[in-house]
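Biologist: I'd like to learn how to read a few features of this model. Could you walk me through them?

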Amino acid sequence: MYRAGIDIGGTSIKIGLVDDKLEIVRRSAIPFQCVGGEKVAAMIAEEIHKLLKQEPAIESIESVGVVVPGSIDKTQSIVIDAHNLGFHGVPFRAQLQAQFPSIPVYLANDADGAALAELGRGAFEGCKTAVLLTLGTGVGGGVILGGRMFSGGTGLGAELGHMTLVNGGEACTCGNHGCVEAYCSASALKRDGIRAMHAHPESMLCAKSGGDESKIDAKFVIDCAKEGDAVAKTVFDAYVDHLAAACISIVHILDPEVIAIGGGVCHAGEFLFEPLRKGIDKKCFFSEHGAIVPAVMGNDAGIIGAAMLADNAK
Ligand code: BGC
């Protein structure tokens with residue numbers, strides 16, 4: 001039997017049909033357009049029907065799950081705020097349900113879904129307590145408690161990217177200041193890379209970009225730091241320091257068996273993980289703590305986690 005999993009992001013919507021082994025057997029992607037929930041739901045439905053009709057045709061799916069980069073209400077029906085999608089108070093589950101009246105539809109936060117995927121066949125297999133941080137445009141937090149996806153006491157948690165890291169610090173997309181997201185997202189690394197490029201015309205950041213801000217992103221900063229640019233390295237070290245501080249709080253609150261780090265920034269590999277682990281060890285209250293590892297599900301985490309929402313609801 002197959003389930004549909006949908007991962008809505010600020011630029012694209014990834015859609016997949018997932019089998020019982022949690023493999024994506026068919027997939028497609030369409031651009032995300034800020035055209036309102038109903039139209040987005042209709043576009044998704046059209047795409048799912050196209051996937052079903054591919055030869056050999058798949059007769060039916062048993063559920064549709066969708067994950068979005070934002071907070072969901074306690075009935076897991078309404079997208080309260082997904083800033084990157086321009087969704088505020090959107091009854092998206094009902095809108096999608098209208099397209100699939102005869103099968104169950106599930107809605108969850110993207111990082112919660114990604115944590116579920118890691119539990120299914122990734123870094124959290126066999127874990128009872130685990131935390132995923134996704135470092136991308138935003139910072140997502142997915143928590144596994146008691147071997148299940150945890151969505152908070154009233155359904156809104158856990159927004160780990162919006163824990164306050166620096167009181168009164170950098171502005172965050174949520175309207176607050178000093179959030180983990182404002183220091184540990186790929187967007188934050190890009191912002192700090194651009195600032196450093198302007199402040200240091202002698203840097204590799206400046207030479208390689210030709211002073212063009214549009215050439216700088218998180219990967220660019222990491223690559224310059226890896227190539228030995230002292231300015232980029234200072235930016236990256238500060239980034240890792242903030243990430244270590246965020247992880248320390250998570251270790252102290254939950255003592256997870258595993259903290260996995262996902263998102264584009266984790267492609268830096270040991271260049272990120274070695275100093276990150278050292279930074280955590282240096283300040284950690286415990287002499288030992290759970291492993292800090294890269295997430296393994298990569299770009300498929302959202303689709304697979306969304307498809308698994310049906311299991312999590314049981
Ligand atoms: C949102 C989260 C989301 C994360 C990753 C943050 O800005 O508040 O809900 O999980 O980005 O997409």
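Biologist: Where is the place of Gln76?

Modeller: First, some ground rules: this is a predicted model, where local features need pLDDT of at least 70, side-chain atom pairs count only at pLDDT 80 or more, and totals for chains, interfaces and linings use all residues. Residues are numbered from 1 along each chain as its sequence is written, and side-chain values use heavy atoms, with hydrogens and water left out. Helices (H or I, at least four residues) and strands (E, at least two) are DSSP runs, numbered from the N terminus. Gln76 sits in the loop between strand S5 (71-72) and strand S6 (79-82).

Biologist: What is phi of Gln76 near?

Modeller: Phi is near 55 degrees there, a positive value in a residue other than glycine. Asp255, just after H8, also takes a positive phi, of about 50 degrees.

Biologist: And H8 itself, how far apart are its end C-alpha atoms?

Modeller: The expected span of a helix is 1.5 Å times one less than its number of residues. H8 has 25 residues (230-254), so it should span 36 Å, and its end C-alpha atoms are 36 Å apart, which agrees.

Biologist: Which peptide bond leading to a proline is cis?

Modeller: Look at Glu55 to Pro56, with omega near -10 degrees. Pro56 is in the loop between helix H1 (37-53) and strand S4 (61-68). The bond from Gly157 to Ala158 is cis too, with omega near -5 degrees, and Ala158 lies in the loop between strand S11 (148-150) and helix H4 (181-184).

Biologist: Now the ligand: which residues are around it?

Modeller: A residue counts as near if one of its heavy atoms lies within 4 Å. The shell includes Pro69, Gly70, Asn109, Asp110, Glu159, His162 and Glu181. By class, the shell has 2 nonpolar, 5 polar and 3 charged residues, with Asp, Glu, Lys and Arg counted as charged, Ala, Val, Leu, Ile, Met, Phe, Trp, Tyr, Cys and Pro as nonpolar, and the others, Gly among them, as polar.

Biologist: What lies 2.5 Å from an oxygen atom of the ligand?

Modeller: That is an N or O atom in the side chain of Asp110. In the side chain of His162, an N or O atom is 2.9 Å from a ligand oxygen.

Notes
Polar contact = N/O pair within 3.5 Å; in protein donor to acceptor, adjacent residues only side chain to side chain.
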